[in-house]
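Visitor: Could you take me through this structure? I would like to start with the charged pairs.

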Amino acid sequence: MQFISESNLAALVGTSNATVQKWTENGVYPSHSENGIKGFYLEEMEAIPEVREMLYGRWGEELEVLPFREYTSVELFAGGGGLALGLALAGFKHVLLNEFDRHACDTLRMNRPAWNVIEGDVRSVDFTPLRDKVDFLSGGFPCQAFSYAGKQGGFCDTRGTLFFELARAVKEIRPKVFMGENVKGLVSHDNGRTFNTIKNTIAELGYTLVEPRVLKAIMYQVPQKRERLILVAIRNDLAEKVNFCWPSPYTQVLTLKDALYKSVIYDTDVPQSEGAKYPPKKKEVLDLVPQGGDWRNLPKDVAEEYMGGSWILGGGKTGMARRLSLDEPSLTLTCSPCQKQTERCHPLETRPLTVKEYARIQTFPDNWLFAGTMGDKYKQIGNAVPVNLAWAVGRSLIRLFNDIQVVEPTETYDCSEAVAQIIHRLKEDGAKKALGLKAKSPKRSDTKIKQLNFFDLLAEYPDGVVPSMVRESQPEEYGKPCKTDMGKNVLVCLVKKDNISRYLDKNATVYYTGKRFPSTIGLDKLYYFAPYLSGQGVCDLYKIKLARIGTRKEGQAGNNPNDYRLVFEIEYIKTLFAEYKQLPLEIWHTYTDMTLEELTLKG
């Protein structure tokens with residue numbers, strides 16, 4: 001009989017621990033205990049679809065799947081290589097990969113020198129030389145804002161988005177099959193209209209979309225509670241002749257112990273590597289949290305001081321002061337291992353996870369190296385598709401291509417000349433741009449201010465926290481009085497009359513933006529916050545402690561989970577002016593940004 005703990009069953013089914021505990025209390029399923037841990041035997045829970053799949057899946061058989069011939073592929077938005085590596089392990093031969101981030105490109109080149117990695121904006125790449133030569137195209141496209149010319153939407157309605165670039169590549173290459181992956185929230189974004197536009201675009205391109213699925217990584221030999229939406233589309237001339245079958249799950253749920261120590265996925269314990277450190281005061285707090293615990297295990301006075309403005313917010317806040325458990329899968333990794341809102345403390349030691357521990361949780365092999373600074377490495381790993389999940393999906397795709405090969409036999413094309421042509425064109429375009437005159441940077445007054453897309457940020461940072469804005473990663477600031485730096489940037493924001501009481505009392509801890517926030521303001525440069533009280537002006541200065549994506553009424557009745565806002569967690573520093581000063585709010589009469597020195601001079 002195969003045992004599964006209550007918490008791991010909750011992760012497998014996608015429900016809460018409390019719900020599973022009620023199943024135990026009400027005798028819905030027979031309860032058992034092993035080594036002092038409450039749980040169930042999978043064989044007694046066949047009525048649950050996920051359990052039934054795990055018990056009767058064909059994982060072992062699917063591991064033996066081999067390609068009938070060499071299937072070529074192109075990957076866009078390749079990042080640090082999680083998806084690309086998994087697909088390569090399944091049997092695909094990558095003929096071209098594109099990625100914008102320089103450090104991620106260095107990672108790909110360092111680990112796979114034979115891969116043709118094109119570094120730069122996908123918008124500048126002409127894929128037409130590869131037309132009808134490549135079998136497969138894939139990409140985890142960042143989801144940007146969509147416009148709607150009509151109720152249905154389609155290819156033209158995606159212009160200006162990175163999904164459009166994926167669709168353009170499909171149109172120019174005409175692969176037999178293509179795949180896209182994204183966060184599961186894409187399905188419900190904008191009440192489903194975004195996803196409908198994507199589906200309409202796929203149909204317009206001449207492809208049949210397989211019914212999409214949100215795959216739980218823990219079902220595919222990944223020791224992490226991560227979910228990804230997978231889209232698979234087959235060219236219409238082939239779609240009716242073959243069927244795509246989703247991968248079978250692994251036979252058990254792996255835990256953090258399987259990532260950090262010798263296990264079914266690693267032959268050795270995790271090797272030592274570089275890693276972030278906690279400042280002393282934060283370490284003192286997390287020392288009090290037991291394995292698998294969070295802020296609720298802290299003394300009330302310690303928790304209230306540590307959580308600051310989050311203490312009064314609604315919601316469970318279970319990511320705060322969170323210590324992982326060896327007996328459970330890791331929580332979803334983010335781009336930083338020590339963000340206050342989504343803490344990922346090591347289960348046995350009071351420290352953040354190291355780079356190598358991060359990589360193992362994403363099932364990267366130990367010999368896969370990452371380029372760039374330590375922060376760059378964490379970001380590449382946190383944004384990646386887990387390798388074993390990509391490998392499992394890749395095996396299903398290889399089976400699909402084998403079926404296509406049976407009904408429509410074709411040979412593998414040598415794409416080297418076409419790729420060389422693409423690279424040559426890019427070099428020519430680069431030379432032409434180098435010869436041109438540099439355009440003058442337009443003044444803000446001459447520029448059409450664009451709106452920051454909150455869903456983009458949520459797609460890039462699944463936990464919602466903007467890592468470059470996490471000030472508490474700087475030990476010299478944590479727990480100490482904040483000395484103002486006149487060269488740092490300050491964000492001035494309008495506070496409406498019905499929200500000014502906390503600012504008048506100088507005890508405001510959170511500022512929610514409206515539905516719009518200007519994309520021209522660099523979030524990574526902001527350090528201070530100055531509230532502009534409606535009808536009065538600016539007087540006080542606050543420190544920005546954190547920037548994250550939230551919702552207008554998060555944790556409250558009437559909250560709309562799709563009504564995203566940018567949330568600044570702030571802390572009062574000092575009064576800047578003896579009296580309120582009127583300043584021009586340049587953007588939509590709501591926002592402006594400048595250095596602290598410029599603000600004081602204007603005042």
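Guide: Certainly. Please keep in mind that this is a predicted model. The structure holds 30 salt bridges.

Visitor: Which residue forms a salt bridge with R399?

Guide: The partner of R399 is E62, and their closest N and O atoms are 3.7 Å apart. This pair links distant parts of the chain, since R399 belongs to helix α15 and E62 to helix α4 (residues 59-63), 337 residues apart.

Visitor: Is E62 buried or exposed?

Guide: E62 has a relative accessible area of 6%, so it is buried.

Visitor: What does D135 pair with?

Guide: D135 forms a salt bridge with R69, with the closest N and O atoms 2.8 Å apart. Here too distant parts of the chain are linked: D135 sits in the loop between β6 (117-119) and β7 (136-139), while R69 sits in the loop between α4 and β4 (71-76), 66 residues away. D135 is buried, with a relative accessible area of 3%, and R69 is buried as well, at 13%. A network of salt bridges links R69 and D135 with K176.

Visitor: Which side chain meets that of K506 in a salt bridge?

Guide: It is the side chain of D540, at 2.9 Å from N to O. D540 lies in strand β18 and K506 in the loop between α18 and β15, so the salt bridge ties together parts that are 34 residues apart in sequence.

Visitor: Why does D540 count as buried, and why does K506 count as partly exposed?

Guide: D540 counts as buried because its relative accessibility is 4%, and the cut-off for buried is under 20%. K506 counts as partly exposed because its relative accessibility is 29%, which falls between that cut-off and the 50% above which a residue is exposed.

Visitor: What is the phi of K506 near?

Guide: Phi of K506 is near 60°, a positive value in a residue other than glycine. Most residues other than glycine have a negative phi. T363 also has a positive phi, of about 60°, although it is not a glycine. T363 is placed in the loop between α13 (355-361) and α14 (374-383), and at 5% relative accessibility it counts as buried.

Visitor: Let us return to D540. What stands opposite D540 in β19?

Guide: T575 stands opposite D540. Strand β18 (residues 540-551) pairs with β19 in the antiparallel sense, over eleven bridges. Strand β19 (residues 564-575) also pairs with strand β15 (residues 510-512), again in the antiparallel sense, over three bridges. Within that pairing, Y511 has F568 in β19 as its bridge partner.

Visitor: Now the interior. How many residues does the largest nonpolar core have?

Guide: The largest nonpolar core has 54 residues, and those with the most contacts inside it are L9, L12, V177, V232, I234 and L397. Among the elements that each supply at least two residues of this core are α1 (6-13), β8 (177-182), β12 (227-235) and α15 (387-407). The largest share, nine residues, comes from α15. In soluble globular proteins, nonpolar side chains tend to be buried together.

Visitor: What is I234 in contact with?

Guide: Leaving aside neighbours within four places in sequence, the contacts of I234 include K176, V177, Y207, F244 and L400. There is also a second, separate core of 41 residues, which includes A259, L260, L326 and I361.

Visitor: Which residues make a nonpolar patch on the surface?

Guide: F68, V406 and V407 make a nonpolar surface patch of about 300 Å². V406 is placed in helix α15, and at 58% relative accessibility V406 counts as exposed.

Visitor: And E6, where does it lie?

Guide: E6 lies in helix α1, and at 11% relative accessibility it counts as buried. E6 and G39 are 33 residues apart in sequence, yet 4.7 Å apart in space, C-alpha to C-alpha. Beyond its neighbours within four places in sequence, E6 is in contact with N17, V20, Q21, T24, K38, G39 and F40.

Visitor: Finally, how many helices and strands does the chain have?

Guide: The chain has 19 helices and 20 strands. Of its 603 residues, 54% count as buried. Among contacts between residues at least 6 apart in sequence, 73% join residues at least 24 apart.

Notes
Residues numbered from 1 in each chain as written. Predicted model: local features only at pLDDT ≥ 70, side-chain atom pairs only at ≥ 80, totals over all residues. Heavy atoms only, no water. Core = buried A, V, L, I, M, F, W, Y, C linked by side-chain atoms within 4.5 Å. Buried < 20%, exposed > 50% of the residue type's maximum accessible area, 1.4 Å probe, protein only. Helix = DSSP H or I, 4+ residues; strand = E, 2+ residues; numbered from the N terminus. Contact = heavy atoms within 4.5 Å. Pairing = 2+ DSSP bridges. Patch = residues over 30% accessible without salt bridge, like charges linked within 9 Å, V, L, I, M, F, W, Y side chains within 5 Å. Areas by Shrake-Rupley, 256 points an atom, 1.4 Å probe, with all protein chains shown as cover. Salt bridge = Lys/Arg side-chain N within 4 Å of Asp/Glu carboxyl O.
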